Amino acid sequence: MAGLLAIGDKLLVETKLPVSFDSHINVKQWYPKNYWQVKHHPCLPTEASSRLALLCGYLWSDGSVTKKYLGFGNTRVEFIDEVASLIKELFGLEPHLYRMNSKTRIVKIDSSELTHYFHASLGFRKTAIPDFLWHVDRDIRKAFLQGVV
């Protein structure tokens, strides 16, 4: 088959992240190696961690996920700072910080890749505990619950 390809031929490439339900979140195998070195792409964690579970807890209780962005809203400045710090640490992205009104602050991350990661690889839904949490150790589940409270 490879002999039938020529320079300039168009190919269909699978871009969906695989769903993984154990503590190893496998996302890199489906992308070219240099894909992860480009700055505008998030660095997606491949291992479940307490910090990732904490962010999922925050997202589950005070956030929203659409097809194009993740968003968090809160009146507590320390909460907004913690969320922004987790996003930088876990994904290497600089979140956008907004003021909705005199009290409410918003953290927004415009990245369809990141939202797809939360839905497909982590099994994130607002109506249920994220799928990956059923297959990790107790400390990681505890971090999720700390984020929810």
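A residue counts as buried when its relative accessible area is under 20%. By that cut-off, 41% of the 149 residues in this chain are buried. The model is a predicted one. Its chain holds four helices and four strands. In sequence order they run α-β-β-α-β-β-α-α.

**The chain as a whole**

- The accessible surface of the chain is about 9,300 Å². Carbon and sulfur atoms account for 57% of that surface.
- Take the contacts between residues at least 6 apart in sequence: 62% of them join residues at least 24 apart.

**Helix 2**

- Helix 2 covers residues 77-91, which makes 15 residues. At 1.5 Å a residue it should span 21 Å, and its end C-alpha atoms are 21 Å apart, so the two values agree.
- Which residues of helix 2 are buried? They are Phe79, Ile80, Val83, Ala84, Leu86, Ile87, Leu90 and Phe91.
- These buried residues cover an arc of only 160° around the axis, so they sit on the same side of helix 2.
- The buried residues of helix 2 have several packing partners. Among the helices, they pack against helix 1 (50-62) and helix 3 (112-121). Among the strands, they pack against strand 2 (69-74), strand 3 (96-99) and strand 4 (105-110).
- Gly92 follows helix 2, and its phi is positive, near 70°.

**The largest nonpolar core**

- In soluble globular proteins, nonpolar side chains tend to be buried together.
- Here the largest nonpolar core has 33 residues. Leu55, Phe72, Ile87, Phe91, Leu114 and Phe118 touch the most other members.
- Six elements each supply at least two residues of this core: helix 1, strand 2, helix 2, strand 4, helix 3 and helix 4 (138-148).
- Ile87 and Phe91 are also among the buried residues of helix 2.

**Phe118 and the aromatic rings**

- What does Phe118 touch, leaving aside its neighbours within four places in sequence? Its contacts are Leu55, Cys56, Leu59, Leu70, Phe91, Gly123 and Phe124.
- Across the whole structure, a search finds five aromatic pairs.
- In the pair of Tyr117 and Phe118, the ring centres are 5.9 Å apart. The planes of these two rings stand at 90°, so the pair is edge-to-face.
- Tyr117 and Phe118 are both buried.
- Phe91 joins Tyr117 and Phe118 in one aromatic cluster.

**Phe124, a buried loop residue**

- Phe124 belongs to the loop between helix 3 and helix 4.
- Is Phe124 buried or exposed? Its relative accessible area is 2%, so Phe124 is buried.
- Beyond its neighbours within four places in sequence, Phe124 is in contact with Cys56, Leu59, Trp60, Val65, Phe118, His119 and Pro130.
- One of these contacts, Val65, is 59 residues from Phe124 in sequence. In space, their C-alpha atoms are 9.0 Å apart.

**Ser111, another buried loop residue**

- Where does Ser111 lie? Ser111 is in the loop between strand 4 and helix 3.
- Ser111 has a relative accessible area of 9%, so it counts as buried.
- With neighbours within four places in sequence set aside, Ser111 is in contact with Pro42, Lys68, Tyr69 and Leu93.

Key. Residues numbered from 1 in each chain as written. Predicted model: local features only at pLDDT ≥ 70, side-chain atom pairs only at ≥ 80, totals over all residues. Heavy atoms only, no water. Buried < 20%, exposed > 50% of the residue type's maximum accessible area, 1.4 Å probe, protein only. Contact = heavy atoms within 4.5 Å. Areas by Shrake-Rupley, 256 points an atom, 1.4 Å probe, with all protein chains shown as cover. Expected span 1.5 Å × (residues − 1). Arc of directions from axis to C-beta. Core = buried A, V, L, I, M, F, W, Y, C linked by side-chain atoms within 4.5 Å. Phe/Tyr/Trp six-rings, centres within 6.5 Å; stacked < 30°, edge-to-face > 60°.
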